[in-house]
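Student: I have a two-chain model open and want to go through it piece by piece. Can we start right away?

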Amino acid sequence: MKPSILFNVFAQDFKKQRKRMVLTLMAILWGTMSIMLLLAYGEGMKDQFSKNLNGLGEGIVILWGGQTSVPFQGYGKGRRIHLHPEDVDYLKGRMPELEIVAAEYIRWGAEIKYKDKLISERINGVYPEYKEIRNFIPEMGGRMINELDMQSRRRVAFLGNEVKNRLFGYDTPDENIIGETIQINSTPYTVIGIMQPKIQMSSYQGSDEDVIAIPATTFHAILGDPYLDNIIFKPAEGFTFEDIESRLFSVMGSKYKFDPNDDQTLHTWDIMEERKVTMDIFQVIQYFLGFVGGLTLIIAAVGVANIMYVSIKERTREIGIKMAIGARRIYILMQFIVEALGITFLGGTLGICSAYLLTELFKMVPIESEVLNFMGRPTVSLEIGITVTVILGILGFFAGLFPAMKAASVNPNEALRYE
Amino acid sequence: MIEMTGIRKAYQTGKITFEALRGVDISIKENEYIAIVGPSGSGKSTLMNLMGCLDKPTGGEFYLDTERVETLSPNQLADIRNRKVGFVFQAFNLLPYATAYENVELPLLYAGLSGKERKARVTELLNRVGLGDKMANKPTEMSGGEMQRVAIARALANKPKLILADEPTGNLDTKSGRAIVEIFNDLWKDGHTIVIITHDMHIAKRCQRIIRLKDGLLDTGNEEEEQEQSLKVA
Ligand SMILES: Nc1ncnc2c1ncn2[C@@H]1O[C@H](COP(=O)(O)OP(=O)(O)OP(=O)(O)O)[C@@H](O)[C@H]1O
Ligand SMILES: [Mg+2]
């Protein structure tokens with residue numbers, strides 16, 4: 001079939017039934033747009049949640065010491081397992097499955113003083129890796145604790161964006177704060193950086209905006225805590241925590257002499273797992289939104305099928321002529337299916353474009369609000385585009401198929417007599 | 001070429017069954033030039049549609065080129081209409097939105113010819129019917145005689161042996177009609193088998209043989225009487 005003939009047929013039909021065609025196109029456009037917007041809304045929310053979940057860190061596992069619950073190699077049960085600073089290197093050496101290993105000390109209720117201001121806060125002794133795995137990202141002009149700070153046990157502090165306000169007031173610009181000296185339990189520290197604000201949906205010790213972070217080595221040397229509060233690690237690419245959990249217990253078990261099957265000895269929190277559950281919920285929401293949008297589109301597709309039925313009636317004679325000169329049924333069938341797909345995709349393309357434009361426009365609107373920080377903004381992704389296109393294709397095909405089957409089943413002799 | 005014995009055709013309209021052909025025997029040899037005449041409603045078009053495989057008989061036996069038509073599938077019938085038969089209708093039956101070129105090209109498309117082959121063939125055919133300069137015209141931009149010539153070109157597209165024409169001059173003035181008949185004469189001389197339904201006894205007389213139909217049966221009665229009747233109807 002020559003494309004131009006198909007197109008001409010379509011164009012002629014369009015002229016004859018302009019009103020109906022336009023309405024059908026509008027219905028498809030509207031259906032496509034609503035399914036796109038619904039999915040975009042879900043996608044935006046999912047993205048935002050995903051981002052917010054990343055506030056704490058991406059793909060990390062937090063490890064705490066526990067207590068033995070079974071006797072092992074002559075030790076009784078109920079023995080406390082403490083994490084030691086050297087465990088970080090121990091784990092790094094024994095477990096190549098871990099990409100990053102870091103650790104932290106926590107002290108609650110330390111006295112922080114700047115000039116006349118005195119506040120009581122939590123302080124954390126952290127590793128430089130916190131920049132990457134815990135999203136301790138410095139604002140411009142400052143920096144996060146680095147390797148050199150660790151080695152030289154420097155007295156430097158990296159402040160959460162909220163605690164900074166409490167200590168220096170809300171109006172002091174960051175550049176006036178960097179380099180200032182604060183007292184932590186009467187020891188002077190230099191402020192080297194302030195954390196970029198971030199949205200954090202989960203925590204194990206309070207919000208990071210309240211953190212006062214100093215190098216772990218400095219913490220150990222000055223405050224003298226013998227044990228780590230926790231170790232944080234990130235499994236290497238291709239590993240999940242599940243894959244390496246038993247290895248971790250046996251590696252730690254051989255150092256601390258506990259039964260590697262005793263799950264009370266170490267406590268863990270796998271953020272990846274938690275994230276997966278949350279994302280699964282969003283996937284279900286996406287399916288639901290897609291389903292609702294799909295219903296709108298189905299109604300539009302029924303409109304396409306209807307217009308096709310009408311056009312078959314009007315073109316019975318044309319079908320008869322084509323059959324008389326040797327068109328097989330499949331050609332007639334194809335013609336109507338292609339036409340239905342044509343209408344569907346024309347309306348669909350317009351719908352996709354409008355939805356895309358709308359979401360892009362909405363992104364440009366400069367509103368900052370708690371709701372948007374939480375819900376995100378509608379986002380059209382390639383995946384959504386492909387999903388909608390596939391749905392349109394299927395609907396268009398069926399909208400054409402049934403009328404086409406009717407068209408192809410006419411008796412050529414009867415069709416030629418049709419006036 | 002065509003062997004029909006005891007051919008019947010019944011039409012069903014609602015509960016009423018009407019038998020348009022009631023047992024017709026016809027034999028047509030290759031390169032015959034035949035006219036079918038008879039009063040309106042006698043079953044001429046019905047017979048011709050059966051010959052062209054547009055429909056299947058409800059009784060009797062029909063062999064086209066030694067093939068038993070009743071046993072063929074819809075696709076086989078479509079292929080026969082495409083390659084072995086060329087139809088010319090009273091109402092031209094051109095596709096209104098397509099140009100003369102596109103109308104003639106369509107059967108070639110169905111036959112699966114390449115673009116180059118199609119172009120050559122369409123050009124040749126339209127030149128042959130004297131419309132080389134009207135290839136881009138749509139039916140609305142042509143006269144009746146021109147439209148019928150496009151229809152003939154279309155019928156000839158895949159070089160069919162059998163040309164069936166159902167009152168091809170019925171919608172034309174005498175002069176255009178005569179030109180169309182001349183084309184049929186030429187086609188006959190070129191070796192085509194031609195069957196024409198007509199009410200015009202002048203046309204019928206030029207054929208080799210006249211088949212008369214009356215009330216769905218072959219009419220073997222008085223030829224002169226029949227002739228007068230037909231002339232009155234025309
Ligand atoms: N598809 C059909 N359904 C029902 N009845 C039909 C059908 N086609 C033809 N008939 C009937 O069969 C009879 C013969 O019709 P046909 O068209 O063969 O006559 P005809 O000889 O060609 O007449 P005309 O000279 O008017 O064209 C008519 O009575 C007609 O009403
Ligand atoms: Mg007739």
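Student: What follows α6(A), and what is the sign of its phi?
Tutor: A:G169 comes after α6(A), and its phi is positive, near 85°. Helices here are DSSP runs of H or I of at least four residues, strands are runs of E of at least two, and both are numbered from the N terminus. This is a predicted model, where local features need pLDDT of at least 70 and side-chain atom pairs count only at pLDDT 80 or more, while totals for chains, interfaces and linings use all residues. Residues are numbered from 1 along each chain as its sequence is written, chains are lettered from A and ligands numbered from 1 in the order in which they are written, and side-chain values use heavy atoms, with hydrogens and water left out.

Student: And the helix itself, why call it largely enclosed?
Tutor: Helix α6 of chain A covers residues 161–168, and six of its eight residues are buried, so the rest of the structure largely encloses it. Buried means under 20% relative accessible area, exposed means over 50%, and partly exposed is in between (1.4 Å probe, protein chains only).

Student: Which ones are buried in α6(A)?
Tutor: A:N161, A:V163, A:K164, A:N165, A:L167 and A:F168.

Student: Staying in chain A, where is A:T68?
Tutor: A:T68 sits in the loop that joins β1 (61–65) to α3 (87–94) of chain A. Its relative accessibility is 5%, so A:T68 counts as buried.

Student: What is A:T68 in contact with?
Tutor: Contact means heavy atoms within 4.5 Å. Setting aside neighbours within four places in sequence, A:T68 touches A:G76, A:K77, A:G78, A:R79, A:I81, A:F258, A:D262 and A:T265.

Student: Which phi value does A:N185 have?
Tutor: A:N185 has a positive phi of about 45°, although it is not a glycine. A:N185 belongs to the loop between β5 (181–184) and β6 (187–194) of chain A, and is partly exposed at a relative accessible area of 31%.

Student: Over to chain B: what about B:F92?
Tutor: B:F92 is a residue other than glycine with a positive phi, near 65°. B:F92 lies in the loop between β6 (85–89) and α3 (100–111) of chain B, and with a relative accessible area of 9% B:F92 is buried.

Student: What is the strand order in the open sheet of chain B?
Tutor: The order is β2-β1-β4-β5, four strands with antiparallel pairing. The edges are β2 (16–28) and β5 (67–68) of chain B, each pairing on one side only. Two strands pair if DSSP finds at least two bridges between them; β1 (residues 2–13) and β2 of chain B have 10 bridges. B:Y11 is opposite B:F18 of β2(B).

Student: Which helix lies across β1, β2 and β4 of chain B?
Tutor: Helix α1 (residues 44–51) of chain B does, running at about 120° to β1(B). Axes are lines fitted to C-alpha atoms, for helices over the stretch in contact, with angles from 0 to 180 degrees between N-to-C directions.

Student: Now the interface. How many residues does each chain put in?
Tutor: Chain B gives 25 residues and chain A gives 24.

Student: Which residues of chain B lose the most area there?
Tutor: B:L54, B:Y97 and B:Y110, which together account for 31% of what the chain B side buries. Buried area is the accessible area (1.4 Å probe) that two parts lose on being put together, summed over both.

Student: Which residues form a salt bridge?
Tutor: A:R328 and B:D79, with the closest N and O atoms 2.4 Å apart. The rule asks for a side-chain nitrogen of Lys or Arg within 4 Å of a carboxyl oxygen of Asp or Glu, and it finds one salt bridge across this interface.
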